[in-house]
Amino acid sequence: MKQKKKSDALCINRIRCILAIIACSLLCILVFFGVCIQLLDEPNPEIQEVGWKTYHLFTILSNMLMAGATAMCIPYAVDGLRNHIYPLPRWYVDLMFTGTVGVAVTFLVAAAVLSPAAGFYRVLIWKNNLYLHTICPLLSILLFLFVNSDHKIRFGSTFIAVIPVTAYALVYLVMVFVIG
């Protein structure tokens with residue numbers, strides 16, 4: 001009986017490592033693709049900020065943070081396949097949580113605030129918004145919840161995770177209301 005439990009745990013661990021490699025690679029590719037579309041896009045009456053100017057947008061920054069975090073997960077998952085264990089360091093789990101919070105905020109703002117104002121299609125599906133507002137945030141949330149689910153988040157880490165969101169919101173509010 002004990003041998004069966006151990007083999008089940010190894011099988012689950014192997015599946016988690018394979019899913020982590022696939023999901024992390026896919027997420028990195030999709031973020032790269034979405035950012036490239038934004039960089040190479042031409043300005044038009046609807047979208048004025050394209051090219052390098054977009055690097056101040058929270059959508060780009062949060063997706064790039066998440067892509068960087070998921071890229072760092074791939075070596076741990078490969079190591080987990082070789083050693084039959086999927087350990088993630090505490091700092092990495094906190095970084096992944098911070099990235100997930102950032103892209104979750106991106107998705108919620110796009111779906112609940114921007115979509116009613118500018119249109120569902122334009123905000124969530126049009127061009128790179130499909131990748132950066134919809135697919136990547138949802139994939140990131142699913143990756144964090146189901147692949148990295150056995151790593152507990154400390155209460156203090158929740159405050160660390162909202163620091164980038166809060167800092168960006170404060171800077172953005174100052175830019176909008178003070179600078180204009």
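**Salt bridges, helices and surface of the predicted chain**

With a relative accessibility of 59%, Arg82 falls in the exposed class, and this residue offers a starting point for describing the structure, which is a predicted model. The side chain of Arg82 is paired with that of Asp79 in a salt bridge, in which the closest N and O atoms lie 2.9 Å apart. Asp79, at 25% relative accessibility, counts as partly exposed. Both residues belong to helix 2 (residues 58-83), where a spacing of three residues places Arg82 and Asp79 about one helical turn from each other. In general, an α-helix has 3.6 residues a turn, so that residues three or four places apart point the same way.

The overall fold can be stated briefly. The chain contains six helices and zero strands, and its elements, read from the N terminus on, follow the order α-α-α-α-α-α. Of the 180 residues of the chain, 38% count as buried.

Helix 2 was examined further for its length and burial. For the 26 residues of helix 2, a rise of 1.5 Å a residue predicts a span of 38 Å, and the C-alpha atoms at its ends are indeed 38 Å apart, so the expected and modelled values agree. Its buried residues are Phe58, Thr59, Ile60, Ser62, Asn63, Met66, Ala67, Ala69, Thr70, Cys73, Ala77 and Gly80. The helix is followed by His84, which has a positive phi near 65°. His84 adopts this positive phi of about 65° although it is not a glycine, and its place in the chain is the loop between helix 2 and helix 3.

A spatial relation between positions distant in sequence was found for Ile18 and Leu81, which are 63 residues apart along the chain and whose C-alpha atoms are separated by 7.7 Å. Ile18 is a residue of helix 1 (residues 2-40), and with a relative accessibility of 34% it counts as partly exposed.

In total, the structure holds three salt bridges. Side chains of opposite charge can, in general, pair when their charged atoms come close. Besides the pair in helix 2 described above, a salt bridge joins Asp94 to Arg90, with 3.9 Å between the closest N and O atoms. Asp94 and Arg90 both lie in helix 3 (residues 90-118), at a spacing of four residues, or about one turn of the helix. The side chain of Asp94 also meets that of Arg154 in a salt bridge, with an N to O distance of 2.8 Å. This pair links distant parts of the chain, since Arg154 is in the loop between helix 5 and helix 6 whereas Asp94 is in helix 3, 60 residues apart. Through shared partners, the salt bridges join Arg90, Asp94 and Arg154 into one network. Within this network, Asp94 is buried, at a relative accessible area of 9%, whereas Arg90 is partly exposed at 34% and Arg154 is partly exposed at 44%.

Helix 5 (residues 129-147) was assessed in the manner used for helix 2. At 1.5 Å a residue its 19 residues should span 27 Å, and the C-alpha atoms at its ends are 25 Å apart, which agrees with the expectation. The helix nevertheless carries a kink of about 35° at Ile135, shortly before the proline Pro137. Pro137 is itself buried, as are other residues of helix 5, including Asn129, Tyr131, Leu132, His133, Thr134, Cys136 and Leu139. Further along the helix, the buried residues include Ser140, Leu143, Phe144 and Val147.

At the surface, a nonpolar patch is formed by Val171, Tyr172, Leu173, Val174, Met175, Val176, Phe177, Val178 and Ile179, which together have about 910 Å² of accessible area. Leu173, one of the residues of this patch, lies in helix 6 (residues 155-179) and is partly exposed, with a relative accessible area of 44%.

Finally, the cysteines were inspected for covalent links. A disulfide is, in general, a covalent bond between the sulfur atoms of two cysteines. Under the cut-off of 2.5 Å between the two sulfur atoms, the count of disulfides is zero. For Cys28, the closest cysteine sulfur is that of Cys24, at 6.7 Å, which is too far for a bond. Cys36, in turn, is partly exposed, with a relative accessible area of 22%.

Note on methods: Residues are numbered from 1 along each chain as its sequence is written. This is a predicted model: local features need pLDDT of at least 70, side-chain atom pairs count only at pLDDT 80 or more; totals for chains, interfaces and linings use all residues. Side-chain values use heavy atoms; hydrogens and water are left out. Patches are made of residues with over 30% relative accessible area and no salt bridge: like charges are joined within 9 Å, nonpolar side chains (Val, Leu, Ile, Met, Phe, Trp, Tyr) within 5 Å. Accessible areas come from the Shrake-Rupley method with a 1.4 Å probe; for residues, only the protein chains shown count as cover. A salt bridge is a side-chain nitrogen of Lys or Arg within 4 Å of a carboxyl oxygen of Asp or Glu. Helices (H or I, at least four residues) and strands (E, at least two) are DSSP runs, numbered from the N terminus. Buried means under 20% relative accessible area, exposed over 50%, partly exposed in between (1.4 Å probe, protein chains only). The expected span of a helix is 1.5 Å times one less than its number of residues. The bend at a residue is the angle between axes fitted to the seven residues ending there and the seven starting there.
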